[in-house]
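Reader: I'd love a close look at one part of this protein, with the reasoning spelled out as you go. Could you take me through it?

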Amino acid sequence: MIEDINSDVFVRIQTDLLVVGDSIMTDRHHASNGNYEDDDPQNQIGGIIPAFPLSGWLRHGMEETVQEYGGTACHPGEANANFMKDGVYDRDLDAGYHEKGACTDDPKEDDGCVVFDLFGGFGGVPGKVMRRPIKFNPVRSSVDYTRGQAEGHYRRLNRNIVSRNQEDSREPLRNAEIDAVANLDGCWHLSFREMKPEFIGLLVESIDFLDAHKTDFMHQLGGARNFGAGIVDCHLINPLYEERELKRVFDRGKGNTNKMDEKDDRWKEEYRPAFVDALEERVEGGP
Ligand SMILES: [Zn+2]
């Protein structure tokens with residue numbers, strides 16, 4: 001069954017506003033030929049959302065899913081790291097985590113827990129899922145969804161921190177510029193270096209978890225969460241789809257073909273339950 005799943009899978013990500021601090025990389029230098037104005041609505045610039053915030057968001061969803069299945073998850077930080085808050089690591093260990101890498105004696109030989117198996121990052125082990133950045137472009141026709149791209153509109157937002165003193169009449173004290181992407185809709189491309197049924201089981205369960213908890217502060221994506229940024233609608237695009245079917249998902253003029261509907265039924269009734277069973281087994285088997 002798992003042989004039917006391609007090692008490249010795609011998650012649909014839609015959000016009205018995403019703020020990734022100063023880490024959105026834009027191609028405005030090429031697009032503007034030196035005449036770029038931040039506030040010009042005609043700016044047709046695209047850019048890249050790095051994988052770091054996406055990866056952290058997904059990983060947190062996966063950790064919670066493993067915990068819901070009765071397991072503990074690998075902590076993302078080394079036990080001996082210099083955390084900014086005292087006792088934070090021990091507190092996390094009490095709340096459903098085990099020490100990073102404690103699930104494996106020899107990371108090169110055995111795979112550890114399912115989270116470690118996927119994310120690695122300890123003892124020189126890379127992890128089995130590669131999380132790619134998302135390239136976005138404001139021009140829909142230039143977006144290649146089969147390469148994990150998205151439609152998105154880059155804006156630089158300005159925030160003024162103003163004086164609270166009546167006689168200053170809201171005079172700005174400080175100005176902060178924030179990079180944001182609006183109306184993001186596209187694919188996040190994940191590649192598995194090695195495929196296991198429980199990987200897909202965990203992915204689909206955690207993406208559904210994240211979708212159901214999209215307005216939880218803890219499970220929004222990126223920054224400016226108090227201001228409604230990073231509320232993400234997400235679902236796993238049926239991994240049984242072929243490339244042209246994936247493209248069709250994003251074609252507003254076309255609906256599902258009969259074949260796609262059949263694949264959706266097969267996914268729901270056969271594949272997904274089998275992969276979720278595999279996840280259950282793996283989590284039950286410890287650690
Ligand atoms: Zn672990």
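Reader: What do the side chains of Asp111 and Lys196 meet in?

Author: Happy to help! First, this is a predicted model, in which local features need pLDDT of at least 70 and side-chain atom pairs count only at pLDDT 80 or more, while totals for chains, interfaces and linings use all residues. Residues are numbered from 1 along each chain as its sequence is written, and side-chain values use heavy atoms, with hydrogens and water left out.

Now to your pair. The side chains of Asp111 and Lys196 meet in a salt bridge, at 2.8 Å from N to O. The term stands for a side-chain nitrogen of Lys or Arg within 4 Å of a carboxyl oxygen of Asp or Glu. This pair links distant parts of the chain, 85 residues apart: Asp111 sits in the loop between β5 and α4, and Lys196 in the loop between β9 and α5 (197-212). Those labels follow DSSP runs numbered from the N terminus, with helices (H or I) of at least four residues and strands (E) of at least two.

How covered are the two partners? Lys196 counts as buried at 12% relative accessibility, whereas Asp111 is partly exposed at 33%. Here buried means under 20% relative accessible area, exposed means over 50%, and partly exposed is in between, using a 1.4 Å probe and protein chains only.

Asp111 has another partner too. It forms a salt bridge with Lys128, where the closest N and O atoms are 3.3 Å apart. Lys128 belongs to the loop between α4 and β6 (129-131), 17 residues from Asp111, and is buried at 15% relative accessibility. Both bridges belong to a network of salt bridges that links Asp111, Asp117, Lys128, Lys196, Glu198 and Arg282.

For the wider setting, the count comes to 19 salt bridges. One of the others joins the side chains of Asp185 and Arg12, at 2.9 Å from N to O. Asp185 lies in strand β9 (residues 172-192) and Arg12 in strand β1 (residues 8-19), so this pair ties together parts that are 173 residues apart in sequence. Asp185 is buried with a relative accessible area of 9%, and Arg12 is buried with 14%.

The loop that holds Asp111, between β5 and α4, also contributes to a metal site. A zinc ion is coordinated there by Cys74 (SG), His98 (NE2), Cys103 (SG) and Cys113 (SG), at 2.1 to 2.3 Å. Donors are N, O and S atoms within 2.8 Å of the metal (3.2 Å for Na, K and Ca), and since water is not among the atoms, sites may look incomplete. Cys74 lies in strand β4 (residues 73-74) and Cys103 in the loop between β5 (97-98) and α4 (114-119), so the pair ties together parts that are 29 residues apart in sequence. Cys74 and Cys103 are both buried.

On the other side of your pair, Lys196 is in the loop that leads to α5. The axes of α5 and helix α2 (residues 51-68) come within 8 Å and cross at roughly 105°. These axes are lines fitted to C-alpha atoms over the stretch in contact, with angles from 0 to 180 degrees between N-to-C directions. The two helices are therefore roughly perpendicular to each other, the word for angles of 65 to 115 degrees; under 35 counts as roughly parallel, over 145 as roughly antiparallel and the rest as oblique.
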